[in-house]
Amino acid sequence: MNNRTVPMPAAALMAVSGLLLGFIIGQKTAPKETKMVTADKGAVLLEAILKHPNASSKELQARVEQPITTILKHYSDNGYLVLNTTKDDEGNICIDAMPKKRLPDITQELRNAVQYPETK
């Protein structure tokens, strides 16, 4: 055996160790996927109102609004972004609940992308 060579089992062990270490570091540093759910809240509200046309606003609040708010809070507390797929007149949807953990903000990236010449 030459003094400059590494035994094959030792080289294999070092290679496997390097791959394993890289995998572990990658798992720890990789960005976590944003959890999202969707709901057509407008359809649920409309169905409730149509099924109970004589309900008072107080009754609708207790039987419809509060349970919906509870469900939205449950998902928000568990890290979900809740998209309400009910569309407005322009076809937009909105966010009904956001997780407590702040989502990445790309505002500065948008500013950097919009380049206007300096005005004097």
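**Exercise 1. Determine what percentage of the residues of the chain count as buried, and how much area the chain exposes.**

Solution. In this predicted model, a residue is taken as buried when its relative accessible area is under 20%. By that cut-off, 10% of the 120 residues of the chain count as buried. Turning to the surface, the chain exposes about 10800 Å², and carbon and sulfur atoms supply 60% of that area.

**Exercise 2. List the helices and strands of the chain in order from the N terminus.**

Solution. Begin with the count, which is four helices and three strands. Reading from the N terminus on, the elements follow the pattern α-β-α-α-β-β-α.

**Exercise 3. Work out the strand order of the sheet, and explain why one side of β1 and of β3 is left without a neighbour.**

Solution. The three strands form an open sheet in the order β1-β2-β3, and the pairing is mixed. Because β1 (35-39) and β3 (94-97) stand at the edges and each has a single partner strand, one side of each lacks a neighbour in the sheet. From one strand to the next, the twist averages 35 degrees. Next, consider one pair in detail: β1 pairs with β2 (residues 80-84) in the parallel sense, over five bridges, and Val37 stands opposite Val82 in β2.

**Exercise 4. Describe how helix α3 is placed relative to the strands, and state what share of the contacts with a separation of 6 or more joins residues 24 or more positions apart.**

Solution. Helix α3, which spans residues 57-77, lies across β1, β2 and β3 and runs at about 140 degrees to β2. For the chain as a whole, residues 24 or more positions apart account for 49% of the contacts with a separation of 6 or more.

Note on methods:
Residues numbered from 1 in each chain as written. Predicted model: local features only at pLDDT ≥ 70, side-chain atom pairs only at ≥ 80, totals over all residues. Heavy atoms only, no water. Pairing = 2+ DSSP bridges. Helix = DSSP H or I, 4+ residues; strand = E, 2+ residues; numbered from the N terminus. Axes fitted to C-alpha atoms, helices over the stretch in contact; angles between N-to-C directions. Contact = heavy atoms within 4.5 Å. Buried < 20%, exposed > 50% of the residue type's maximum accessible area, 1.4 Å probe, protein only. Areas by Shrake-Rupley, 256 points an atom, 1.4 Å probe, with all protein chains shown as cover.
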